[in-house]
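Biologist: Pick one part of this predicted model and take me through it slowly, please. I'd like the pocket, plus whatever you can tell me about the sheet while you're there.

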Amino acid sequence: MAIQSKEELITFVKETVTNTQVTDIHTHLFAESFGDLLLWGVDDLLTYHYLVAETFRFSPNLSYEAFWAMGKQEQADLIWQTLFIDHSPYSEACRGVVTVLNRLGFDLSTRDLATYREYYKGVSAQDYISRILELAKVKTVVMTNDPFDSFEREKWAQNHPQDPRFLAALRIDPLLNAWDTSWSRLAEQGYKVTADLSETTLSEIRRFLKDWIARINPLYMAVSLPNDFAYPEDSARVRIIDECIVPVAREVDIPFAMMIGVKRQVNPSLQSAGDSLGKSDIGTVERIVSKYQDVKFLVTMLSRENQHELAVTARKNRNLLIFGCWWFLNNPSLIEEITRMRFELLGGSMIPQHSDCRILDQLLYKWDHSREIIAKVLSEKYVDLFSAGWRLEEEEIRRDVDDLLGGTFWKFLGKPDPMVIASVGK
Ligand code: REL
Ligand code: ZN
């Protein structure tokens, strides 16, 4: 049935965006079988690296060493006191914690961290995963799987049955960003590689990639790249992209995801909170995606300044799917501006958001907050169409929203969404 008024349109869009199940295409979450790699609960929530950075800003006398010497609970207490009691928690990362506590039904008037903490004592990871995925209306999350991490490798070797809600992505940062040290880590895994990129070494890197693809069945290969990433270039990184990543992506038919614009460790004392960002050269993206038109690329960029040209580059290259408002862009004002601009340039042929969650509970806030903005901007676009005389069917809106929250990703991969298949089978 076609929608007959602007008010009805806005209400229907809000409802549909709120209730549509999401495929979250990039997270740092893990299935239960990965043990301690899965972070959840209020202490992990509070010690998120975004909040660590904010705490230091308000604490001129806190020594880095003293903070890192504390246990997790002690750090969480300090962060809670600093960011939630001594100041009001309206930064996006702080507001996120408030949204989560509220969604879990805690009494926020007490501001009593000890009682919130108490709740988690009686909860199992298994139950909590289901609870959060249901509450957040997230059907699947894509993990970030690191074959260079010995703990994670061990978990894969144990051959646990796979949880279909957690899908894999093969993350290869050390290979592309630190070949001078990572070659020996490949050698330790039995690959006949040497520091120089001989033909044998390149072929062994391809073998390494294909072995891991066979083992974990990743939806894509991924890397984060510095803001000064250049292509073409005479470097180990570019040789490995050209001679290993691209041919393997083509052969196995999975995308290569490039997350571009990070400046790692500008303040090493902040540890995991010490990374920053920088503007990148869009020419690098243009050259690589247009050279390899038969390879699929997923790209997100970290600086606000790169967003418009990235969207235009996507218009020119259908093998490029842009995704998410990454990390320092994951703030309401920027999500709104970027999403609006992308809708105007690309319609629904992009992925507006991924969560990048590191802690399971964050799915609640990252998706609540993003859904609100996506619904707002999408309604605005539909209202413009309405004013121009275009009447939308409810079914068309459902289709569009489903595409934005996962469908476009699955179509780009050329794979059916496994969760849709599972629910049809029921
Ligand atoms: O995947 C990445 O490289 C980044 O998203 C992370 O390294 C970053 O720390 C993350 O928490 C950002 O949201
Ligand atoms: Zn990430």
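Modeller: Sure. When I say α3 or α5, I mean a DSSP run of H or I with at least four residues, numbered from the N terminus. Bear in mind that this is a predicted model.

Let's start with the largest pocket, which holds about 1100 Å³ of space. Its lining is made up of 35 residues. Look for H28, L39, H49, S272 and R358, because these are the ones that lie nearest the pocket's centre, counting as lining any residue with an atom within 4 Å of a pocket point. Among the helices, α3 (49-57), α5 (72-85) and α10 (173-177) each put at least two residues into that lining. As for chemistry, it's a mixed wall: 13 of the lining residues are nonpolar, 10 are polar and 12 are charged.

Now for the sheet. It's an open one of three strands, ordered β1-β2-β3, and the pairing is parallel. β1 (22-24) and β3 (166-167) are the edge strands with a single partner strand each, so each has one side without a neighbour in the sheet. Strand β2 (residues 138-142) pairs with β3 over two bridges, again in the parallel sense. If you want a spot to zoom in on, V141 sits opposite F166 in β3.

Two helices then cross the strands. α17 (residues 362-387) lies across β1 and β2, at about 115° to β1. α18 (residues 394-413) lies across β1 and β3 instead, and runs at about 60° to β1.

Conventions: Residues numbered from 1 in each chain as written. Chains lettered and ligands numbered in written order. Predicted model: local features only at pLDDT ≥ 70, side-chain atom pairs only at ≥ 80, totals over all residues. Heavy atoms only, no water. 1 Å grid on protein atoms, 1.4 Å probe; cavity = no way out; pocket = protein on both sides within 12 Å on 5 of 7 lines; lining within 4 Å. Points joined across faces, edges and corners; volume = space filled by probe spheres on them. Nonpolar A, V, L, I, M, F, W, Y, C, P; charged D, E, K, R; others polar. Pairing = 2+ DSSP bridges. Contact = heavy atoms within 4.5 Å. Axes fitted to C-alpha atoms, helices over the stretch in contact; angles between N-to-C directions.
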